[in-house]
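User: Could you take me through how the parts of this structure touch one another? I'd like to start with what counts as touching.

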Amino acid sequence: MINLLLLPIILPFFFAIILLFFKENVRVQRTLTLIGLAISFTFSLVLMAKVKADGVQTLTLGSWPAPFGITMVSDMVSVLLVTTSILITFFIVMYSFEAIGKERERFYYYPAVLFMLTGVNGAFTTGDIFNMFVFFEVFLMASYVLIVLGGEKKQLRESIKYILVNVISSALFVVAIALLYSVIGTLNMADISVKIAEVGQPGIITVIAILFLLVFGIKGAIFPLYFWLPGSYSAPPIPVLALFGALLTKIGVYAITRTYTLFFIHNMPVTHELLLVLSILTIVAGCIGALAYFDLKHIMIYNIIIAVGVILFGVAQMNDAGMTGAMFYLIHDMIIKGALFLLIGIIIAITGTSNLRKMGGLMKTNAPLGWMYLIAAFGLAGIPPLSGFTGKLLIVKGAFEAGNVWGSVFILASSLIVLLSVIRIFIYAFWGEPVELPTTKRRSYRIMIVPAALLVVISIAYGVGTEWIVPYMTDASDVLLKPSIYIDAVLKE
Amino acid sequence: MKTNDVILQTGTKVVFFIIFLFSIHIFFAGHFAPGGGFVGGLLTTAAIVLLLLAFDLKTVQKALPFNFMIVVAVGLLLALGTAAGSILFDVPFFTHAYDDFNLPLFGVSSLHTAMIFDAGVYLVVVGSTITMIQTIGGDS
């Protein structure tokens, strides 16, 4: 079964096509989406076991030899990200049954989610830089649909901003690829890496590296390029926001990680130093935003930006501990952001507002929700047995080893601010005198809390079961730090 | 005075078939000459747009009673099916196959599965462009 590594991409695509035939039948759409995601998840687990046992899996489409066809590469990094993406999408789809509303469900909501997952998984798996651009467009197109679906005034305004920014960054992506192609003459990522090593990264390649950082930085919201994110992400309904917050910026982070560990590794004092400085500035900017707002959505959105900074800081160290920590933190952040967005979605549904000042005393009416939120918040801040701890510990360790003492101080201080920002939500929403709540249906509350609770449980397991996860993360960071593993797997002579 | 489109409508009835046949020609020529599924699909769309200009939306919908979203979905299935067929033979995804067939009327012709993929592209292009034009033009 040599096509196994393609199944997590093909299956969501196939089910999305099938859903186009059942526009009006919401029940069929829901069932088929869940079945499709469950099957894709099973195959991605099989693939992960295969990658763990046999090393990097590659497949060049159309039986062409390696640098001439499009190669798909599934190493531990990409298979971990693919599996997590499918898992999170599964729970968000479950949550959508209650939260998104019939009107949107009847207008291609589920096909758009599945098309987006196709693009996301493709971007994680591809081994060809132009193919990566195509998969970027696939998930961006689907995300345009999701952000505007419903047609509220705010959504329309913010979607124009979102589309404008992404169209410009996509054009820059094409320009960057064109420039790279004119210098190197190949598009296969392994081949690019070999050719760059041969010419020893002259100045023009470093320029291209910065150009790539600009492109992926817009997608992944790093410091001076994150301006579009808070507005655009606060417009769509909560399940879409959870999907975007958990998956989309992480693709930018993955793309930076991949290009900065595979291509541009011969002039690190320029490229990686810049990445380091920008990641710290990203953390600072995110912290300021997370403290500044009294709005649930905005606090969480700025926490996305902080996490992007932390992961890229780990990547910029380019040593074992830093890279393993970055991988740990990346997967942790996808899971916990999914869980937290779903939980604050429930809080907003119960109180009917996202303004913290208008809430209070939810602990008396919704105690399980409160405890779950508290656990997720501690997990986000990185309190020991929970999931955020190991990643951040390893990142800080890596930074100390690399001599970036000040950087690690920023990371540790940012944890405190993250904790403060999410605990503030807990204090304002759950403690204090109960405010009068609008009447909501208990049934819809129960349907929405199940997927959120399951995600919290998974994040706890991820933190407690660190011992079992370490080998996978070490494999991932090995592939990133030793490009020869990747290159040999693709261009086997 | 009453306006009358009789010259435009009569002309359209003839020209439509010429454009349509040309689009089919372009579609089949794609392997050895400029052309293929994308331009072929756009030309077919152009022919239908000419119909829309000469007649109105309702008449054209009556003449071509397809749901064009379904056309898109069928096109995608065709393309994905062609590429995924290789999974059954355990060769890499997207591996195409071809052979020579002795067809009546055409003689010996070389048939390639890439053409089925192109047919998928053709259907997606026609379906999505017509959907766009119908949605913008209609006032439902």
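Analyst: Contact here means heavy atoms within 4.5 Å. This is a predicted model, and on that definition the contact between the chains takes 19 residues from chain A and 15 residues from chain B.

User: And what area is buried between chain B and chain A?

Analyst: About 1500 Å² is buried between the two chains, and carbon and sulfur atoms give 80% of that area. On the side of chain B that touches chain A, the residues divide into 12 nonpolar, two polar and one charged.

User: How many salt bridges and polar contacts are there across the interface of chain B and chain A?

Analyst: The rule finds zero salt bridges across that interface, whereas five residue pairs are in polar contact there, with both residues of each pair at pLDDT 80 or more.

User: OK, so how many salt bridges turn up over all chains?

Analyst: A search of the whole structure gives 15. One salt bridge joins the side chains of A:Glu24 and A:Arg106, with an N to O distance of 3.8 Å.

User: Which parts does that A:Glu24 and A:Arg106 pair tie together?

Analyst: A:Glu24 sits in the loop between helix 1 (7-19) and helix 2 (26-54) of chain A, and A:Arg106 in the loop between helix 4 (102-105) and helix 5 (109-125) of chain A, so the pair links parts that are 82 residues apart in sequence.

User: Switching to helix packing: at what angle do helix 13 and helix 14 of chain A cross?

Analyst: The axes of helix 13 (residues 296-317) and helix 14 (residues 320-351) of chain A cross at roughly 175 degrees and come within 9 Å. Because angles over 145 degrees count as roughly antiparallel, helix 13 of chain A is roughly antiparallel to helix 14 of chain A.

User: Which residues make the contact there?

Analyst: Helix 13 of chain A contributes residues including A:Leu296, A:Met300, A:Ile304 and A:Ile311, while those from helix 14 of chain A include A:Tyr329, A:Leu330, A:Phe341 and A:Ile348. By class, this contact has 17 nonpolar, four polar and three charged residues.

User: And in chain B, how do helix 1 and helix 5 cross?

Analyst: The axes of helix 1 (residues 6-29) and helix 5 (residues 114-137) of chain B come within 11 Å and cross at roughly 140 degrees, which means that helix 1 of chain B is oblique to helix 5 of chain B. B:Phe20, B:Ser23, B:Ile24, B:Phe27 and B:Phe28 of helix 1 meet B:Met115, B:Asp118, B:Ala119 and B:Tyr122 of helix 5, and the residues of this contact divide into seven nonpolar, one polar and one charged.

Notes. Residues are numbered from 1 along each chain as its sequence is written. Chains are lettered from A and ligands numbered from 1 in the order in which they are written. This is a predicted model: local features need pLDDT of at least 70, side-chain atom pairs count only at pLDDT 80 or more; totals for chains, interfaces and linings use all residues. Side-chain values use heavy atoms; hydrogens and water are left out. Axes are lines fitted to C-alpha atoms, for helices over the stretch in contact, and angles run from 0 to 180 degrees between N-to-C directions. Helices (H or I, at least four residues) and strands (E, at least two) are DSSP runs, numbered from the N terminus. Angles under 35 degrees count as roughly parallel, over 145 as roughly antiparallel, 65 to 115 as roughly perpendicular and the rest as oblique. Ala, Val, Leu, Ile, Met, Phe, Trp, Tyr, Cys and Pro count as nonpolar, Asp, Glu, Lys and Arg as charged, and the others, Gly among them, as polar. Buried area is the accessible area (1.4 Å probe) that two parts lose on being put together, summed over both. A salt bridge is a side-chain nitrogen of Lys or Arg within 4 Å of a carboxyl oxygen of Asp or Glu. A polar contact is a pair of N or O atoms within 3.5 Å; within protein, one must be able to donate a hydrogen and the other to accept it, and residues adjacent in sequence count only if both atoms are side-chain atoms.
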